[in-house]
Amino acid sequence: MKSHFLGYQISFKKAFLPLTISSLLIGAPAINAAEEEAAAQVERIEVTGSRIKRVDMEGAVPVTVLNAVDLEAQGFATVGDALRNSNLNSFGSYGGGANNSWSSQSTVALKGASIQHTLTLLDGKRMAKSPVLDGGASNLNTIPMAAVERIEILTDGASAIYGTDAIAGVINVILKKDFQGVQFDARTEQHDREGGDSNKFSFTGGLSSDKGNLVFTIEHFQQDNIMFSERDYTQPFVQPGGDSSDANDWQNISWTGRVLTQGGAGGWAWEHPFANDVSCSEVYGEAFIGPLNDRNYAGDSICGYDYTRAAAATSKATRDNTLIHYTYELSDSIELTARAYWAQNKYLDISAPVPASISIPQGLPAYTTPEGIELKELYADPWAGMRYRFDTAGDRVAEKHDSVLDFLFALEGTTEHFDWDVSANYNKYNAFTWGTGYLLDGAQNDLIGYYDEQAGEFIGWDPRDPNSPLPAGAKANYDKRGAAEYLELTGGASFSVMELPAGEIGAYVGASYREEEYDHQVDALAEAGLIVGGSGGSGGAGKRDVMSAYFEIVVPVLDELELNLAGRYDDYSDFGSTTNPQVSVSYRPLDSLLLRASWGTGFRAPTLSDLNKGMVEGYGDITNYVACYEEGEDIDSCNRIEEAPTRTGGNLNLGPEESESTNFGVSYNITENIDITVDYWTLTTEGLISSISSDEIMQTQAKLYQIADDLGVERPDISLIYPGSEISLLANGRIDYVVAPRINLGESDREGLDISFNAGFEIGEGQLDLGLNISKYLKYTYTYVDNGEAVVAEDVSGREGYPDLRLNMTMSYQLGDHSVSYWSNWMSEQKSWDLVEGSETELFVVDEYTTHNLSYTMHLPWSNSFTLGVNNITDEDPSFDRWGGYDGDLYSIYGRSYYLSFRQQF
């Protein structure tokens with residue numbers, strides 16, 4: 001199949017350019033006339049960030065290429081792990097935790113922006129969005145590493161090319177297409193510490209002919225979970241210098257263990273339930289700690305609970321993936337591509353038993369149980385009750401099943417005057433969670449028994465008594481299902497516009513039609529707010545269609561200067577339309593030097609969940625600023641704290657998040673074997689979608705009342721400031737509920753530097769390759785709301801959770817059949833928001849963090865090889881904050897591991 005795009009004869013054979021360091025170097029030596037014709041036959045490929053095919057991988061926008069073979073040699077078993085550890089994932093991202101609704105997910109967030117600002121593609125087409133992530137991002141755990149050829153990372157805004165979500169950049173996963181024979185891979189990884197061991201198996205087969213090729217991949221991956229109790233730093237401990245008898249100085253325990261909460265009749269005291277001079281563990285079991293005091297409330301005491309004995313820090317995972325990719329030349333001018341992709345993931349998420357409050361207004365009498373436990377009295381009072389850990393009902397277990405189906409059908413063709421392409425892409429992501437061990441709200445109150453004075457014994461369930469069994473009727477399931485479905489039809493054509501002295505103007509015009517459908521629901525009891533201990537409410541349901549038109553133009557202004565213009569118009573059926581331009585320019589003053597710059601706007605459309613999410617009610621502490629004002633108290637110093645529900649949900653009036661990005665870069669081939677790229681970027685986002693806190697809504701409403709009363713005008717409603725928000729008060733002024741919908745709020749400004757250095761040398765009979773990738777954050781400010789006004793935060797780059805410098809270093813040496821690969825990850829220290837213990841001015845600093853991976857590969861003479869590797873050689877723990885905690889988005893708890901992999905080819 002041939003093409004004559006831009007005056008060149010281009011072969012469409014799928015022999016991709018080798019992704020060695022030399023293929024990425026900028027410039028090339030001059031060629032003579034005899035070589036010119038051969039050069040014209042070199043295949044042009046479509047590089048992420050443009051739909052116009054070209055030979056040069058380095059262009060006007062920055063693209064980082066990660067080869068799958070190199071990633072495996074560097075110790076990464078999954079796509080998610082490789083991308084999350086990249087220096088380009090500035091502030092980290094989620095992947096691999098537990099005890100939440102998204103434990104089956106793995107994400108990446110370029111430039112430290114939202115995960116919903118990074119678009120993930122499979123071979124240039126949108127990857128299925130996860131309903132677990134509200135349809136706003138893709139789950140990297142569904143991509144099989146065995147099917148990946150390479151990963152291209154565009155670190156520039158690209159909404160003009162790809163549409164919504166490409167605000168911070170694009171991850172384009174390029175799948176294997178040209179493979180012949182059969183390959184079997186196996187890998188096992190074992191850890192020094194308990195938990196986290198994994199095994200992976202894959203099978204890849206390929207057939208090729210003069211007309212086309214077929215590639216088939218199957219991968220199976222499984223990994224054990226890690227319990228909190230299996231790491232020293234996630235077990236309960238007392239802060240250094242702390243008081244072991246004070247609950248405030250303990251970390252990693254829950255205050256909801258066994259605690260009587262007296263109402264007014266009992267002086268509002270919190271008390272552990274027994275009077276015996278014994279420990280809580282002797283009465284209730286080893287998981288209970290205390291009695292512990294509370295220095296903030298003299299005389300109070302509790303039985304705390306060690307939830308780490310029962311809860312997992314990571315989920316147990318099983319993943320199965322299948323991919324088939326087929327290309328066939330229907331004629332000399334038309335090529336067919338068909339792809340089918342299936343993923344089935346299962347995760348087991350174990351959480352500690354439900355913590356809950358029990359309302360016991362009738363009180364409970366003091367008495368001694370047959371086992372000799374002296375139970376304290378709970379005085380009858382409307383506010384009397386207990387804080388109770390329902391370990392008697394067992395652990396909470398969420399079994400999560402995620403499945404993805406993805407089908408692609410595409411045709412590419414060429415005519416005498418233009419090239420064309422059409423495609424149809426359909427994908428569907430289903431997620432189902434079967435949860436057991438939860439609590440039916442209200443049942444715990446109804447199940448309380450009573451003391452029979454005549455018989456001298458307690459009848460029914462007494463939650464103070466460890467020997468009183470919990471009756472049936474308290475436990476409940478918590479089930480969720482979600483589905484995100486997409487169908488996209490695209491088509492476009494590339495052609496030559498006109499001849500200029502420096503070359504031909506090339507153009508691409510295209511259009512697409514996309515249908516999206518999202519549905520995420522929880523069971524009826526959870527929807528009604530009657531399940532205690534669950535996470536993640538209903539995401540709602542909705543449909544939309546999107547019609548888009550886009551173009552790109554490449555103008556060779558001079559022999560050394562190229563101008564790229566792009567634009568895109570998107571029309572959404574449910575919220576409106578948007579137009580986004582992009583301009584980029586590249587200049588080569590020398591064959592070895594490339595200067596580049598780009599500017600563009602971007603957007604993220606509200607997800608269907610953002611617009612249609614059902615109202616979810618959650619309880620928490622809210623400050624009643626309105627009541628303070630009505631009682632004549634100062635609003636800002638109000639301390640009326642009430643436990644009341646906040647209702648959150650979607651908002652049909654949301655607009656898009658909008659952005660503006662710039663990039664200025666230089667790429668320099670210092671010598672034939674050494675190159676460096678430096679890119680300075682900025683990213684400004686506006687109209688960020690978020691929810692307002694209930695406290696902010698209450699405080700702003702109180703200030704509005706105060707202003708109106710001072711002016712003698714009618715009091716305005718809070719919805720004038722925050723559309724869709726609402727406050728409901730009872731007749732006595734107590735908060736009934738607060739509605740806090742999602743709204744477009746505020747902006748953020750980001751600046752940074754990305755630097756890449758690569759070198760290759762022949763040392764003796766071997767080849768040494770070096771790489772250093774640096775991401776330096778220069779500025780990150782955002783806005784928050786205070787008293788109804790947007791306030792710009794100080795620059796938080798370099799503060800806790802926002803490391804301002806990340807490095808990845810790679811080094812490999814190959815000598816004949818032997819190769820050694822080294823990879824390291826370094827993260828800068830971060831200044832905390834907390835003071836050092838005992839200091840009034842010195843801020844705590846979270847330490848810098850470094851890990852090292854090393855592997856050795858030997859190729860055997862029977863078309864096979866094996867690899868031995870060590871990840872995290874120095875067995876680094878996470879860097880801890882002032883209170884001994886760590887950021888799971890930035891740091892791994894797996895510790896040192898050893899792996900062995902084997903590959904056999906036929």
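Let's start with a charge sitting on a ring: Arg-882 lies over the face of Trp-883, at 4.1 Å from the ring centre. Keep in mind as you look around that this is a predicted model. You'll find a similar arrangement at Arg-799, which lies over the face of Trp-833 at 3.8 Å from the ring centre.

Rings also meet other rings here. A search of the whole structure turns up 26 aromatic pairs. Take Phe-390 and Trp-461: their ring centres are 6.1 Å apart and their planes sit at 45 degrees, so this pair counts as tilted. It ties together distant parts of the chain, with the two positions 71 residues apart: Phe-390 is in the loop between β22 and β23, while Trp-461 is in the loop between β26 and β27. Are these two residues buried or exposed? Phe-390 is buried, with a relative accessible area of 2%, and Trp-461, at 2% relative accessibility, counts as buried too. Elsewhere, ring pairs join Phe-91, Trp-681, Tyr-777, Tyr-780, Tyr-782 and Tyr-802 into a cluster.

Now hop from Phe-390 back to β22, residues 385–389. This strand runs antiparallel to β13, and four bridges join the two. One spot to look for is Leu-260, which stands opposite Met-386 in β22. Strand β13 has other partners as well. Two bridges join it to β16 (residues 301–305), again antiparallel, and there Ser-254 stands opposite Tyr-305. With β14 (residues 270–271), β13 pairs in the antiparallel sense over two bridges; Thr-261 stands opposite Trp-270 there. How enclosed is β13 by the rest of the structure? Seven of its eight residues, which run from 254 to 261, are buried, so the strand is largely enclosed.

Next, find the open sheet made of five strands, in the order β3-β6-β7-β4-β5, with mixed pairing. Its edges are β3 (63–67) and β5 (125–126), each of which pairs on one side only. At the β5 end, β4 (residues 118–122) pairs with β5 in the antiparallel sense over two bridges, and the bridge partner of Leu-121 is Arg-126 in β5.

Two strands of that sheet, β6 and β7, also turn up in the largest nonpolar core. That core has 40 residues, and Leu-83, Ile-143, Ile-151, Ile-153 and Ile-171 touch the most other members. Among the elements that each supply at least two of its residues are α3, α4, β6, β7 and β43. For a closer look, pick Ile-153: beyond its neighbours within four places in sequence, Ile-153 is in contact with Pro-62, Val-63, Thr-64, Leu-66, Leu-83, Leu-88, Leu-110, Val-170 and Ile-171. Apart from this core lies another, of 39 residues, including Ile-226, Phe-228, Phe-274 and Tyr-284.

Finally, follow the chain to helix α11, residues 694–711. At 1.5 Å a residue, its 18 residues should span 26 Å, and the end C-alpha atoms are 26 Å apart, so the two values agree. Which residues of α11 are buried? They are Ser-694, Glu-696, Ile-697, Met-698, Gln-699, Thr-700, Gln-701, Ala-702, Lys-703, Leu-704, Tyr-705 and Ala-708. An α-helix has 3.6 residues a turn, so residues three or four places apart point the same way. Just after α11, Gly-712 takes a positive phi of about 70 degrees.

Notes
Residues are numbered from 1 along each chain as its sequence is written. This is a predicted model: local features need pLDDT of at least 70, side-chain atom pairs count only at pLDDT 80 or more; totals for chains, interfaces and linings use all residues. Side-chain values use heavy atoms; hydrogens and water are left out. Buried means under 20% relative accessible area, exposed over 50%, partly exposed in between (1.4 Å probe, protein chains only). Two strands pair if DSSP finds at least two bridges between them. The expected span of a helix is 1.5 Å times one less than its number of residues. A nonpolar core is a set of buried Ala, Val, Leu, Ile, Met, Phe, Trp, Tyr and Cys residues joined through side-chain atoms within 4.5 Å. Contact means heavy atoms within 4.5 Å. Rings of Phe, Tyr and Trp (its six-membered ring) pair if their centres lie within 6.5 Å; planes under 30 degrees apart count as stacked, over 60 as edge-to-face and the rest as tilted. A charge sits over a ring if NZ of Lys or CZ of Arg is within 6 Å of the ring centre and within 35 degrees of the ring normal.
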